[in-house]
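Me: Could you take a close look at the disulfide in this one for me? I'm in my first year, so please spell out any terms as you go.

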Amino acid sequence: MRSVRPASVRAAATFLLAAGCAVPALAVAPAAHADSPAVSQVTSDDDGRLTVYLDSVDALWVQVSVRASAAADAPVLASTDDLTEADGRWTTEHTVSLPAGTAYGDYPVDVDYRLPGGQVQHWSGADHGSASDLDYRLRTGVGALSFDRDTLDWDHQTIVVSGAATTLDPATGTTGPARAGTTVEVDYDTLTGLTGSPVTATTGADGAFQVPLTFPAGAQSVRARVIAPAADTVPGPVGYGPTPSVTTSRYRISATESRTRANPNVPFTEQGSVQRFVNGIWQPWAGAPVYTATVYGSPYTTGLTGVLGHGTTGTGGTFGYSVVAARTTDTYTFVQPSVYLAGSSSFSERIAVPTVGSLTTPAASVDQYDTVTVSGSLRGSCDYEPLSLEYSANGKTGWSNLQWFKANGGTYNGTCSYKISKPAYWDGYYRVRHPETDIMQPVVSAAKRVNRTRTGVSVAMSSTKPKLNAKLTASGNVYQLTASGWKPYAGVHVVLVFKPKGDPNWYWVVKGYTNAAGHYTLNTKAFEDGTWGTYIEPDAKHYYAESKDVYVDAH
């Protein structure tokens, strides 16, 4: 159960300073309890006092003793039970001073304390390493800071920080100016918890120092601390100053890019102008730092992300600089973000950086009815990208577009198939071309030649006005176009077809073949009035052909 004493208790005792002084006799607990684990730590404070941390113990009295060394028989240099308690922390009432002439350094500390039952516990600092030693050295710290101005704006972002460093000498318990030449570091925190770039100053004979500090976006909590002290000195308290207030400025920006589509990592130009609202008027803003980036920056972060280019406005508020993009992206052009600028103003535009793609060598064929079919794959960022089917008679010049179409959606490995059919030329070369788009660079496939041999067929009916069911003969010739001209096409299958008067459908009647001279004869009957004709069934190397229509009036 905790003591009902007030939260702060001062034991009635005196601070013993002289070496070899008599220490009051203590009723020490038996050996089994001589080294108490209740002491969690002993610290040396900035003001030269000692603090003992007791865990879960309601001590009635505490005494600390400073020994000359960690040796078991080391003499006590100073001892006091004049400590004040608050929340389990017992702190000496005064700066711990050792006898005159004692060297600055680290000294073990013993702790004795009495429990409510009267039992005294003992804790030996020498048994717990140097972490709990008394740090007996000069303590140099910095007091409150002051600035030469209370308000900052875009044109005035630097303050002059003034302060003074003082040194506490534990041997005398007095405080005076720090040594001349003491190094003081001044820095600040930002709203994102980052530490700003520090500046340093050195103290004069009176311990005072002054140093200019540029207050960047998001800076706050200016502080100064002693760094790199002499061997007999440790840094003392840190000095703090108020955060200056900020007056913001409004600005507006316009920008254009020399192109909205660029090759990867090939520079193009960003140009425009910036104006600032000053004394109620929009005026050209000279000296403004302008950036183009893929992410609009924040005044509360360090650095900018995705910077593609930057520059500074000239006397007329205009700017122009090179921008390099590696991929298609949205861009933002803005003045470097700052807490000194009100709101945000930027120009945004999308820059297309087409990627490299490829086309496979197409598969191409033409059927007997003069329809060419071309298929293959576009590779890269190819989903539904436009393609053109092109034709050339010689495969080198005179390429013409036959039809625009789109590649299919891509697969997981960036391959988009395509297939297109189109009425063909008798002979020639076909290829597929991808034009430059915002997604992909231009690419052309290899050319593929496709052709068949042209054919023709004639027909003559033995009579155009035969009697009903009388014999009727269809005869004619089939030709093929060779390198030396039109020649007979021997051995080809010829089909005689008939379309009755008033019937939209054709019906085959009889089939035959051409002889060596390309001639055919097919016999049938005059069934009724109607139209007659022939066509051929070619092989894979010839085009289809059909004759003219011949009307026969059977009576």
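Reply: **The disulfide, up close**

Let's start with Cys-382, which is buried, with a relative accessible area of 1%. (Buried means under 20% relative accessible area, exposed over 50%, and partly exposed in between, using a 1.4 Å probe and protein chains only.) This is a predicted model, where local features need pLDDT of at least 70 and side-chain atom pairs count only at pLDDT 80 or more, while totals for chains, interfaces and linings use all residues. Residues are numbered from 1 along each chain as its sequence is written, and side-chain values use heavy atoms, leaving out hydrogens and water.

So who is the partner of Cys-382? That's Cys-416, with an S to S distance of 2.0 Å; a disulfide here is a pair of cysteine sulfur atoms within 2.5 Å. The structure holds 1 disulfide. Cys-382 sits in the loop between strand S34 (371–379) and strand S35 (386–392), whereas Cys-416 belongs to strand S37 (residues 415–423), so the bond ties together parts that are 34 residues apart in sequence. (Strands are DSSP runs of E, at least two residues, numbered from the N terminus.)

Cys-416 is buried too, at a relative accessible area of 0%. For contrast, check out Trp-486, which is partly exposed at 43% and found in strand S44 (residues 485–488).

Now for the handedness: the torsion about the S-S bond of Cys-382 and Cys-416 is about 75 degrees, so this disulfide is right-handed.

Methods. Helix = DSSP H or I, 4+ residues; strand = E, 2+ residues; numbered from the N terminus.
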